[in-house]
Amino acid sequence: TYGTITVWTGVVTSCTLNFSTTLAAAPLCLITPSSSAVTVGLAVTTSAATISLSATLGGGKIFYVCLGT
């Protein structure tokens, strides 16, 4: 599964990507923000990927790919 999360305006420093079903095992996910000035933290479970950002990304995008979903 892959895609883009569009972050609208405002102060946004985290978001959660919910999977459509609960998986047997947590998938491998890679996350890249549209701004190189922002670093990301990622916690993946069998039902969601929680993304935390070092700074606000309001107006930007988060690109993701999860393998094993």
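## Two strands side by side

Strands β1 and β6 (residues 61-67) run antiparallel to each other and are joined over 5 bridges. Strands here are DSSP runs of E with at least two residues, numbered from the N terminus, and two strands count as paired if DSSP finds at least two bridges between them. One contact to look for is Gly 3, whose bridge partner in β6 is Tyr 64.

Before going on, a word on the source: this is a predicted model, in which local features need pLDDT of at least 70, side-chain atom pairs count only at pLDDT 80 or more, and totals for chains, interfaces and linings use all residues. Residues are numbered from 1 along each chain as its sequence is written, and side-chain values use heavy atoms, with hydrogens and water left out.

## The open sheet

β1 and β6 belong to an open sheet of 3 strands, in the order β1-β6-β3, with antiparallel pairing. At the edges are β1 (2-6) and β3, each of which pairs on one side only. From one strand to the next, the twist averages 20°; axes are lines fitted to C-alpha atoms, and angles run from 0 to 180 degrees between N-to-C directions.

## A second pairing

Strand β2 (residues 14-18) runs antiparallel to strand β5 (residues 48-53), and 5 bridges join them. Here Ser 14 stands opposite Ser 52 in β5.

The side chains of β2 alternate: Cys 15 and Leu 17 point to one face and are buried, while Ser 14, Thr 16 and Asn 18 point to the other and are not. Buried means under 20% relative accessible area, exposed means over 50%, and partly exposed lies in between (1.4 Å probe, protein chains only).

## The cysteines

How many disulfides are there? The count comes to 1 disulfide, taking a disulfide as a pair of cysteine sulfur atoms within 2.5 Å. Cys 29 and Cys 66 form it, with their sulfur atoms 2.1 Å apart. The pair links distant parts of the chain, 37 residues apart: Cys 29 lies in strand β3 and Cys 66 in strand β6. The link is right-handed, with 115° about the S-S bond, and both Cys 29 and Cys 66 are buried.

Why does Cys 15 not bond to Cys 66? The closest cysteine sulfur to that of Cys 15 is in Cys 66, and because it is 11 Å away, it is too far for a bond.

Key
Helices (H or I, at least four residues) and strands (E, at least two) are DSSP runs, numbered from the N terminus.
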